[in-house]
Amino acid sequence: MADPHPITGRLFDSPVPPGTGWPGDPADASTPVARTPAGVARLARTRDLAELDARVSVCSACPRLVAWREEVATTGRRAAFADQPYWGRPAFSLGPVDAPIYLMGLAPAANGSNRTGRVFTGDKSSDWLWAGLHRAGLATRGSSEAAGDGTEPISIRIGGAVRCAPPGNLPTTAEKTTCRPWITRELELLPELRVILALGGIAWTTALQVARASGWTVPRPARRFGHGAEAALARPNGTPVTLLGSYHTSQYNTSTGVMTVEMLDAVLARAKELAGLD
């Protein structure tokens with residue numbers, strides 16, 4: 001049964017088939033689908049960032065994640081969103097190709113990005129993040145509830161270490177490894193990248209793994225993750241990139257004071273400074 005999109009009112013099935021009019025959907029029915037780890041590695045080799053986003057958005061290489069994201073989208077919807085269609089596909093990145101800052105999270109939330117089809121959208125974690133980005137001048141609005149709501153990042157691109165919602169918010173080591181070629185290629189296609197802002201320890205570790213695999217200069221021993229931690233990296237062409245750590249804006253962290261508004265504002269200000277935006 002189709003349900004109306006909360007912004008456009010257009011009816012969509014859940015999960016949403018590619019190319020059916022969902023706001024911002026980068027894929028269509030002809031977009032190639034990765035169904036194995038080898039398929040991810042092969043399809044990630046595109047030279048076009050928009051095509052990479054499209055291929056990410058239809059990836060089906062991890063059977064457990066595919067089953068979970070589609071189960072949530074059909075029979076496991078949260079009651080508050082039962083009358084909405086669920087994207088039920090991988091969450092592709094958001095933001096301009098010339099962004100000097102890349103914000104890397106962990107993975108979509110089952111009833112957040114897995115529902116909205118937009119990274120860091122539709123849950124309390126995203127409310128904190130977009131409010132902070134807006135205060136920092138890095139977003140057009142201070143909240144994002146749904147695809148097509150008009151909120152856009154400024155000078156920052158936002159993505160995740162894993163692109164599908166995992167059960168219990170915990171992707172397996174194999175799933176993280178399978179997904180890694182997507183973000184590896186994405187970072188290679190960002191010519192102005194100067195800062196990777198890692199939200200949480202998994203994002204920090206993923207960034208270091210990607211940098212090593214891409215032939216970047218990485219300090220040894222590697223700096224341990226922490227809020228405000230910095231590691232000086234360099235791309236193969238010598239361009240410096242700073243890896244900057246931040247605690248995640250998860251509901252647990254923000255409700256317990258592990259992450260505060262002041263901490264978020266400070267780390268975003270540091271990211272802008274390192275990127276030369278101030």
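# A guided tour of the predicted model

Begin by selecting A109, D123, S125, N169 and H248: among the 33 residues that line the largest pocket, these lie nearest its centre. The structure on display is a predicted model. The volume of this largest pocket is about 790 Å³. Next, colour helix 5 (124–135), strand 4 and helix 8 (251–256), the elements that each give two or more residues to the pocket lining. Helix 8 provides the largest share of that lining, with 3 residues.

**The annotated span**

Now select residues 92–268. UniProt, in an unreviewed entry, places the feature "domain: Uracil-DNA glycosylase-like" at these positions. The C-alpha atoms at the two ends of the span are 22 Å apart, and the span is 33% helix and 15% strand.

**The largest nonpolar core**

Turn next to W182, I196 and L243. These residues have the most contacts inside the largest nonpolar core, which has 40 residues. Two or more core residues come from each of helix 1 (37–43), helix 2 (49–56), strand 3 (101–105), helix 6 (173–188), strand 5 (195–199), helix 7 (201–213), strand 6 (230–234) and strand 7 (240–246). Helix 7 gives the largest share, 6 residues. Another core, of 24 residues, lies apart from this one; I101, A136, I156 and L268 are among its members.

Select W182 alone and display its surroundings. Which residues does W182 touch, leaving aside those up to four places away in sequence? They are A34, V40, L43, A44, L52, R55, V56, C59 and R163.

**Helix 2**

Move to helix 2, where 6 of the 8 residues are buried, so that the helix is mostly covered. The buried residues are L49, L52, D53, A54, R55 and V56. Their cover includes helix 1, strand 4 (156–160) and helix 6. At the N-terminal end of helix 2, select D48, which acts as a cap: one of its side-chain oxygens lies 3.1 Å from the backbone nitrogen of A50.

**T184 in helix 6**

The last stop is T184, which lies in helix 6. Is T184 buried or exposed? T184 has a relative accessible area of 15% and therefore counts as buried, since the limit for that term is under 20%. Display the polar contact of T184: its side chain reaches the backbone oxygen of R180 at 2.9 Å. In an α-helix there are 3.6 residues a turn, so residues three or four places apart point the same way. Finally, select V210 and S214, which T184 touches when residues up to four places away in sequence are not counted.

Notes
Residues numbered from 1 in each chain as written. Predicted model: local features only at pLDDT ≥ 70, side-chain atom pairs only at ≥ 80, totals over all residues. Heavy atoms only, no water. Core = buried A, V, L, I, M, F, W, Y, C linked by side-chain atoms within 4.5 Å. Buried < 20%, exposed > 50% of the residue type's maximum accessible area, 1.4 Å probe, protein only. Helix = DSSP H or I, 4+ residues; strand = E, 2+ residues; numbered from the N terminus. Contact = heavy atoms within 4.5 Å. Polar contact = N/O pair within 3.5 Å; in protein donor to acceptor, adjacent residues only side chain to side chain. UniProt positions renumbered as here; feature names shortened; annotations may be inferred. 1 Å grid on protein atoms, 1.4 Å probe; cavity = no way out; pocket = protein on both sides within 12 Å on 5 of 7 lines; lining within 4 Å. Points joined across faces, edges and corners; volume = space filled by probe spheres on them.
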